[in-house]
Amino acid sequence: METLVFKITGMKDAECVRTVANAIQDLPHIGHIELSLESGEARVEHGRLISAEDIQRAIEDAGYSAEI
């Protein structure tokens, strides 16, 4: 598993964190996820069969901006 850190813009509360976590967890080959509202970051463990762009797109489709 590889780990990526995404900087996420727009998360304001625990509901936002839940929304982002659910969007990422719905993807295949996702391992552990750590989200921090304070830092606005998501640390995502993922398998080789999913790309950073796929994860970023899922976050953006949930309504948030994301950068690696």
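**A walk through a β-α-β-β-α-β chain**

Two helices and four strands make up the secondary structure of this protein chain, and what you're looking at is a predicted model. Follow the sequence from start to end and the elements come in the order β-α-β-β-α-β. The radius of gyration is 11 Å, close to the 11 Å that the globule rule gives for 68 residues, so the chain is as compact as a globular protein of that length. If you like to think in boxes, the C-alpha atoms fill one of roughly 30 × 20 × 20 Å along the principal axes.

A few totals help set the scene. Of the 68 residues, 38% count as buried. The accessible surface comes to about 4,200 Å², and carbon and sulfur atoms account for 45% of that. As for charge, there are 6 positive and 13 negative side chains, yet the centres of the two sets lie 1 Å apart. Contacts also reach across the sequence: taking those between residues at least 6 apart, 61% join residues at least 24 apart.

Now for the strands, and β3 is a good place to start. This strand covers residues 41-46, and it pairs with two others. With β1 (residues 2-9), β3 forms an antiparallel pairing over six bridges; here glutamate 2 stands opposite histidine 46. With β2 (residues 30-36), the pairing is again antiparallel, this time over five bridges. On that side, glutamate 34 sits opposite arginine 43, and serine 36 has glutamate 41 as its bridge partner.

Which way do the β3 side chains point? They alternate. Ala42, Val44 and His46 go to one face and are buried, while Glu41, Arg43 and Glu45 go to the other face and are not buried. So histidine 46, the residue across from glutamate 2, belongs to the buried set, whereas arginine 43, across from glutamate 34, belongs to the set that is not.

Next, look at the turns and loops. Between β2 and β3 there is a hairpin with four residues between the strands, and glycine 40 in this hairpin takes a positive phi near 70°. Most residues other than glycine have a negative phi. That makes histidine 29 worth a look: its phi is positive, about 65°, although it is not a glycine. You'll find histidine 29 in the loop between α1 (14-25) and β2, where it is partly exposed, with a relative accessible area of 41%.

For a view of the interior, click on isoleucine 8 in strand β1. Why does isoleucine 8 count as buried? Its relative accessibility is 5%, and the cut-off for buried is under 20%. Leaving aside residues up to four places away in sequence, isoleucine 8 touches Val20, Leu35, Gly40, Ala42, Ile59, Tyr64, Ser65 and Ala66. Two of these names have come up already: Ala42 is on the buried face of β3, and Gly40 is the hairpin glycine with the positive phi. Isoleucine 8 and alanine 58 are 50 residues apart in sequence, with their C-alpha atoms 12 Å apart in space.

Finally, move over to helix α2 (residues 52-61), which holds aspartate 54. Aspartate 54 is partly exposed, at 27% relative accessible area. Its C-alpha atom is separated by 9.3 Å from that of isoleucine 24, although the two residues are 30 apart along the chain.

Definitions and conventions: Residues are numbered from 1 along each chain as its sequence is written. This is a predicted model: local features need pLDDT of at least 70, side-chain atom pairs count only at pLDDT 80 or more; totals for chains, interfaces and linings use all residues. Side-chain values use heavy atoms; hydrogens and water are left out. Buried means under 20% relative accessible area, exposed over 50%, partly exposed in between (1.4 Å probe, protein chains only). Two strands pair if DSSP finds at least two bridges between them. The radius of gyration is taken over C-alpha atoms; the globule rule is 2.2 Å times the number of residues to the power 0.38. Contact means heavy atoms within 4.5 Å. Accessible areas come from the Shrake-Rupley method with a 1.4 Å probe; for residues, only the protein chains shown count as cover. Lys and Arg count as positive and Asp and Glu as negative; His and the chain ends are not counted. The place of a charge is taken as NZ of Lys, CZ of Arg, CG of Asp or CD of Glu.
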